[in-house]
Amino acid sequence: MASTTLSPPNAFAERTTHSPSTDLEGNLSDQSTATDIPSPSRASSEKSSPLAPQPAATNTAAAPDADEKQQPTTGGPPPGGGWNAGPPPPNGGLAAWLQVASVFFIFFNTWGLLNTFGIFQTYYESPSSIFQPPGSVSSSNISWIGSIQSFMVLLGGLVSGPLYDRGYLKHLICVGAFGVVFGHMMLSLCKEFWQALLAQGFVVGLGAGMMFTPGVTVLQSYFSTKIGLATGLAAAGSSFGGVVYPIVFYRLIDRIGYGWSVRVIGFIALGTLAVPVVFLKQRVKSGRVRAFVDLTAFSDGPYILFTFGAFVGFIGLYTMLFYLSFFGEDTGATDSAMAFYIVPILNAASMFGRTLPNWLSDKAGPFNILIPGALVCGALTLAMMGVKSLGAIIVVAILFGFFSGVFIALPTVCYIVLTKDKSRLGSRIGLGYAFLGLATLIGGPGGGGILQQTGHGGHNNWTGMWTFGGVMLLVSGALFVVLRGWKFGVKLTTKA
């Protein structure tokens with residue numbers, strides 16, 4: 001008889017525990033066990049008594065609220081690596097791929113413009129340069145324009161990364177787009193070296209810096225298993241910009257002059273940047289407001305080693321990007337017309353080098369792709385010491401363009417892998433890229449300084465410059481090998 005009497009409460013408890021229910025009910029069930037609340041049969045008998053104590057139920061109901069209040073103060077991210085408790089990345093869909101298209105045009109107008117500077121370097125050193133008389137500004141000084149532009153793009157992450165974490169994505173994109181367009185309009189009016197340095201180096205560079213780090217960071221909230229592919233497709237925008245902008249500049253400069261050629265570039269930037277201004281959207285943001293500089297990064301050994309390895313690699317990378325076009329013209333291997341097309345050829349090959357390796361990184365791991373890319377780039381740079389013909393220059397440009405794509409597309413993926421707490425991701429990426437920006441101040445001007453030293457027969461010291469760039473890239477590859485062994489082990493089949 002007692003068994004018959006106790007059966008309904010037990011059955012009710014079983015239905016309550018196992019049926020689909022809200023989190024609140026689940027928390028109540030777990031906490032009832034933890035706090036020694038009487039069993040359902042005993043509770044049902046006590047419920048009829050007016051003297052039955054009720055505070056336990058009250059405290060239990062309040063517990064979920066207490067848990068919710070304590071959640072934002074935990075030291076790490078919520079389970080699953082997200083910033084806030086929310087649905088996982090969709091890994092596809094219209095909204096997600098619109099973000100890829102938007103970041104594509106951010107790359108188009110940041111690294112795409114940086115990849116174009118080789119054309120400006122060649123033009124600024126030509127007899128028709130805006131810097132008159134010809135030769136009044138040295139190769140090393142001219143390279144400071146592109147180096148500072150690159151530095152500003154990467155340094156901007158120190159500000160834009162933390163602001164992105166605070167939810168100011170739209171503000172950053174709008175300010176950055178204005179800077180890029182306004183800087184080109186001012187550049188079209190320049191006649192002196194210092195004017196071009198301010199407009200092209202600082203204004204365009206800072207504008208691009210406000211967009212670059214938020215652009216590459218936003219994709220991780222839309223993609224997880226396909227983050228390498230998404231980043232690679234977006235990074236292909238830099239190669240596309242590096243093809244379009246040099247050809248536009250070269251084809252128009254003899255027809256409409258330097259000023260209007262640069263203005264056309266500004267108008268192209270205005271139209272293409274409308275896409276991220278309209279469609280780029282921050283899906284989640286950090287639940288905690290952090291300091292602008294994430295000091296924990298300086299105690300993260302793998303993060304520091306990777307940043308230093310990429311820093312050394314960027315030094316070597318910029319010797320090739322800045323001077324390959326000028327090399328053909330200076331040595332007589334190409335005429336001035338063909339010299340302008342070397343940069344678009346390199347960037348066209350780079351378009352494939354920023355998509356295919358990133359797609360492979362989703363399967364093999366980013367470090368397994370980055371290491372061979374760095375080593376091959378170093379070998380190709382050293383091989384330039386034996387290049388004497390146009391055909392050889394084109395072959396090196398194609399191969400270097402393909403393998404150098406990993407330096408532009410994969411660092412972001414590597415930072416995502418190395419950052420466990422994703423709420424710090426914007427700050428970590430911004431800090432890392434700011435440090436990499438210092439490499440651009442060494443690679444371009446440093447290579448130019450070596451180049452101006454008298455080489456064999458009184459010519460520019462190309463051998464010394466290629467040696468400098470090649471060694472830097474090989475050292476970078478060696479550092480990545482050390483990092484891979486430290487972080488993931490030495491087994492070659494490990495995804496790293």
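In the predicted model, the buried residues of helix α5 (residues 94–108) are Ala96, Gln99, Val100, Ser102, Val103, Ile106, Phe107 and Phe108. These buried positions pack against five helical elements, namely α6 (111–124), α9 (169–187), α10, α11 (227–279) and α16. The length of α5 agrees with expectation, because a rise of 1.5 Å a residue over its 15 residues should give a span of 21 Å, and the end C-alpha atoms are 21 Å apart.

Among the partners of α5, helix α10 (residues 193–218) was examined in detail. The axes of α5 and α10 come within 10 Å of each other and cross at roughly 150 degrees. With angles over 145 degrees counted as roughly antiparallel, the two helices are therefore roughly antiparallel to each other. The crossing of α5 past α10 is left-handed. On the α5 side, the contact is formed by Val103, Ile106 and Phe107, which meet Met211, Phe212, Gly215, Val216 and Val218 of α10. By class, this contact comprises seven nonpolar residues, one polar residue and no charged residues. Val103, Ile106 and Phe107 also belong to the buried set of α5.

Elsewhere in α10 lies Val203. Its relative accessibility is 30%, and Val203 therefore counts as partly exposed. When neighbours within four places in sequence are left aside, Val203 is in contact with Gly179, Phe182, Gly183 and Leu198. Val203 and Phe178 are separated by 25 residues in sequence, with a C-alpha to C-alpha distance of 9.6 Å.

A second helix pair is formed by α14 (residues 356–364) and α16 (residues 390–418), whose axes come within 9 Å and cross at roughly 50 degrees. This angle lies outside the ranges for roughly parallel (under 35 degrees), roughly perpendicular (65 to 115) and roughly antiparallel (over 145). The arrangement of α14 and α16 is therefore oblique. Here the crossing of α14 past α16 is right-handed. Leu356, Pro357, Asn358 and Ser361 are the contributions of α14, and they meet Phe402, Val406, Ala409, Leu410 and Val413 in α16. Seven nonpolar residues, two polar residues and no charged residues make up the contact of α14 with α16. Helix α16 is also one of the elements against which the buried residues of α5 pack.

The loop between α16 and α17 (425–452) contains Thr419. With a relative accessibility of 1%, Thr419 counts as buried because it falls under the 20% limit. Apart from neighbours within four places in sequence, its contacts are Leu425 and Arg428.

Two further loops contain backbone features of note. Most residues other than glycine have a negative phi, and most peptide bonds are trans. Asn91, placed in the loop between α4 (55–70) and α5, has a positive phi near 60 degrees although it is not a glycine. Asn91 has a relative accessible area of 16% and is therefore buried. In the loop between α6 and α7 (139–155), where Pro133 is found, a cis peptide bond joins Gln132 to Pro133, with omega about 0 degrees.

Definitions and conventions: Residues are numbered from 1 along each chain as its sequence is written. This is a predicted model: local features need pLDDT of at least 70, side-chain atom pairs count only at pLDDT 80 or more; totals for chains, interfaces and linings use all residues. Side-chain values use heavy atoms; hydrogens and water are left out. Axes are lines fitted to C-alpha atoms, for helices over the stretch in contact, and angles run from 0 to 180 degrees between N-to-C directions. Helices (H or I, at least four residues) and strands (E, at least two) are DSSP runs, numbered from the N terminus. A crossing is left-handed if the near helix is turned anticlockwise from the far one by less than a right angle, and right-handed if clockwise. Contact means heavy atoms within 4.5 Å. Ala, Val, Leu, Ile, Met, Phe, Trp, Tyr, Cys and Pro count as nonpolar, Asp, Glu, Lys and Arg as charged, and the others, Gly among them, as polar. Buried means under 20% relative accessible area, exposed over 50%, partly exposed in between (1.4 Å probe, protein chains only). The expected span of a helix is 1.5 Å times one less than its number of residues.
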